[in-house]
Amino acid sequence: MKITATGCCLIDVLYREISYAGDAFCRLLSRVPGDGGLIPGGLVLANDLEAFAGRPFPELLYEISGGTEPTAVNLGGPAIVALVHAAQLLEKQGVESRFYGIVGDDPLAGQIKSFIGETPIQAFFQYMDKSPSPSTVVLADPYALEGKGERSFVHTIGAAEHLAVEQFPDDFYDTDILLIGGSALVPPLHAALTPLLKRAKEHGALTIVGTVYDFRSQKRDPKGIWPLGDRDSYRFIDLLVCDEEEALRLSATTRIEDAANRFIDWGVGALVITRGARHYLLWSGGKQFLSHEMAMLPVSRWVDDRLAADPSLKGDTTGCGDNFLGGLVASSAMQLPKKPSLREAAAWAAASGGFACFYHGGTYHQKRKGEKRRLLEPIVFSYRRQIGD
C-alpha cells in the first residue's frame, strides 16, 4: 500500500509560555480582520505582521517572548505532521509513505530533512535558491481558553510560493491514498487542487484534504468566501477535514451544520469538522466511506482525565489537529481495501489529536519502531467504549 502526501511542510519554532494578556502581545493584536495583526488561534504572515507593526519580526518576537529561547524546534505543517503520524502507526504493516514538497536554500532545509530522516517517510523535495524554507513561529499560552491552552501562528511562506506542481512525477499519482494538507500555505498547490485531485481519482486514489487558516484569502477579502482550488475541487474530495472557523469561511455560513450541508451540496464524499477541545462533527454519504449520518462526537475523555489528574503531563496543543488528520489517514489505510468506516477512523483521530497534548510540537519522535502505536492503542480502545462502539 502507498500513501502519498503534499502540502505544508515546515519548521515550527515553539514558544510555550506566552501570555496573551501581556502588553507586548496585546499591542500586536489584530484590530480589523485582515490587517496583519496577531490572531489568537489563527495565523498571520510574518511580512504582514511587520507591516502592521512597522518593525522587523525578530524585534517583535523578542518583545513577545521576553527574550527567552524557544521551548522546542520541531517538524511542522499539516501535511507532513499528519503523514508522519500515519506512517508511525502503519510502519509494521509495510505501508510506503511518501511526501512531495519544497525547501529553500538555508539551514532550515537541513533541519527539515534531518527530522524527516528520523521517520518512516520517503521525502522528495524541490529546491528554491535564494528563498527561505517555510517556517512558523508558534506562540502558545497554556492558560488561555480556561486553561485548555491556545496557539497563535506567525508564518513565513518562503519557498512554498514556488512549488512546481506540474513537476510531480507520474508516480505521485500511483497511490492508494492521496493526502493534501494545508494547501492554503502553498499557493501554487492551492490553485491546482482541482486538476490534481481529479487526476488522483482517475488513478483510483482515496483523496483526503485537510485545510488550514487561509490568511491570504482573509487579507484579500475579510468577508468573502475562501476558495479551495475552485468549486469543482469538492467533487474530487473523498474526505474533507477542517476546523470550525475554516469550515465557516470556506462555506460562507455561520453554523457548522450549515457548512457541512453546503460541502455536501458541492459534492464532498465525507467530512469531519473539528472544534478544538469540543465535540466535532462527522458525516459520510457512503461513497468511499461507509455511510454515517451527520453526528457530533466528543473528544477523548481518557486524555481529559489524565491531564486533569496530572497537569505536569501537559505539553501543548500544537499539532493536535494535524495528528487528528493523521489518525484519520492511518485508520483509513488500516481498513482498506474494504470501504472504511469513518466512525472507526474517528476513534483513531480523536486519540491521536488528544495524545499530541502530552508532548511539545506536532511531530512525535519515536525511540523505537511501533512506540507511538503502542502508546495510542489504549486511548483508541477507551474512546471506542466512550462512544459506545
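User: Before we dig in, what counts as a helix here, and which helix holds K198?
Analyst: Helices are DSSP runs of H or I with at least four residues, numbered from the N terminus. We're looking at a predicted model, by the way. In it, the place of K198 is residues 193-202, which is helix α7.

User: Is K198 buried, exposed or partly exposed?
Analyst: Buried means under 20% relative accessible area and exposed means over 50%, with partly exposed in between. K198 comes out at 37%, so the label is partly exposed.

User: How far apart in space are K198 and S233, C-alpha to C-alpha?
Analyst: Along the sequence, K198 and S233 sit 35 residues apart. In space, the C-alpha to C-alpha distance is 7.8 Å.

User: Let's go to the empty space. How many cavities of 30 Å³ or more are there, and what's the volume of the largest?
Analyst: Rolling a probe the size of a water molecule over the atoms shows where empty space is left. The structure has 3 cavities of 30 Å³ or more. For the largest cavity, the volume is about 70 Å³.

User: Which strand gives the largest share of that largest cavity's lining?
Analyst: The lining includes G7, C8, C9, F99, G101, I102 and F125. By class, the lining of the largest cavity has 9 nonpolar, 2 polar and no charged residues. The largest share, 3 residues, comes from residues 96-104, that is, strand β5.

User: And how many charged residues line the second largest cavity?
Analyst: That second largest cavity has a volume of about 60 Å³. Among the residues lining it are H190, D214, W226 and L250. The classes split into 6 nonpolar and 5 polar, and the charged count is 1.

User: What about the second largest pocket: how many charged residues are in its lining?
Analyst: The second largest pocket holds about 150 Å³ of space. Its lining has 13 residues, with D176, G204, L206, Q288 and L336 nearest the centre. Sorted by class, the lining of this pocket gives 6 nonpolar, 2 polar and, for charged, 5.

User: Now the packing. Which helix gives the largest share of the largest nonpolar core?
Analyst: In soluble globular proteins, nonpolar side chains tend to be buried together. The largest nonpolar core here has 139 residues, and L139, L240, F263 and I273 touch the most other members. The largest share of this core, 10 residues, comes from residues 78-90, helix α4.

User: Which aromatic residues does L139 touch, leaving out those up to four places away in sequence?
Analyst: The contacts of L139 include I18, L38, L61, I64 and V154, plus E150, R151 and S152. The aromatic contacts on the list are Y15, Y20 and F25.

User: Is the Y20 and F25 pair stacked or edge-to-face?
Analyst: The structure holds 18 aromatic pairs. For Y20 and F25, the centres are 4.3 Å apart with 10° between the planes. Y20 and F25 are buried. Planes under 30 degrees apart count as stacked, so this pair is stacked.

User: Why does the W302 and F358 pair tie together separate parts, and how many residues apart are they in sequence?
Analyst: The ring centres of W302 and F358 are 6.3 Å apart and the planes are at 80°, so the pair is edge-to-face. W302 lies in helix α11 (residues 301-309), while F358 is in the loop between α13 and α14, so the pair links parts whose separation in sequence is 56 residues.

User: Which residues do ring pairs link into a cluster?
Analyst: A pair of aromatic rings is described by the distance of the centres and the angle of the planes. Here ring pairs join up into a cluster made of Y100, F124, F168, F172 and Y173.

Note on methods:
Residues are numbered from 1 along each chain as its sequence is written. Side-chain values use heavy atoms; hydrogens and water are left out. On a 1 Å grid over the protein atoms alone, a cavity is a set of points where a 1.4 Å probe fits but cannot get out, and a pocket is an open set with protein on both sides within 12 Å along at least five of seven lines; lining residues have an atom within 4 Å of a point. Grid points are joined across faces, edges and corners, and a volume is the space filled by probe spheres set on the points. Helices (H or I, at least four residues) and strands (E, at least two) are DSSP runs, numbered from the N terminus. Ala, Val, Leu, Ile, Met, Phe, Trp, Tyr, Cys and Pro count as nonpolar, Asp, Glu, Lys and Arg as charged, and the others, Gly among them, as polar. A nonpolar core is a set of buried Ala, Val, Leu, Ile, Met, Phe, Trp, Tyr and Cys residues joined through side-chain atoms within 4.5 Å. Buried means under 20% relative accessible area, exposed over 50%, partly exposed in between (1.4 Å probe, protein chains only). Contact means heavy atoms within 4.5 Å. Rings of Phe, Tyr and Trp (its six-membered ring) pair if their centres lie within 6.5 Å; planes under 30 degrees apart count as stacked, over 60 as edge-to-face and the rest as tilted.
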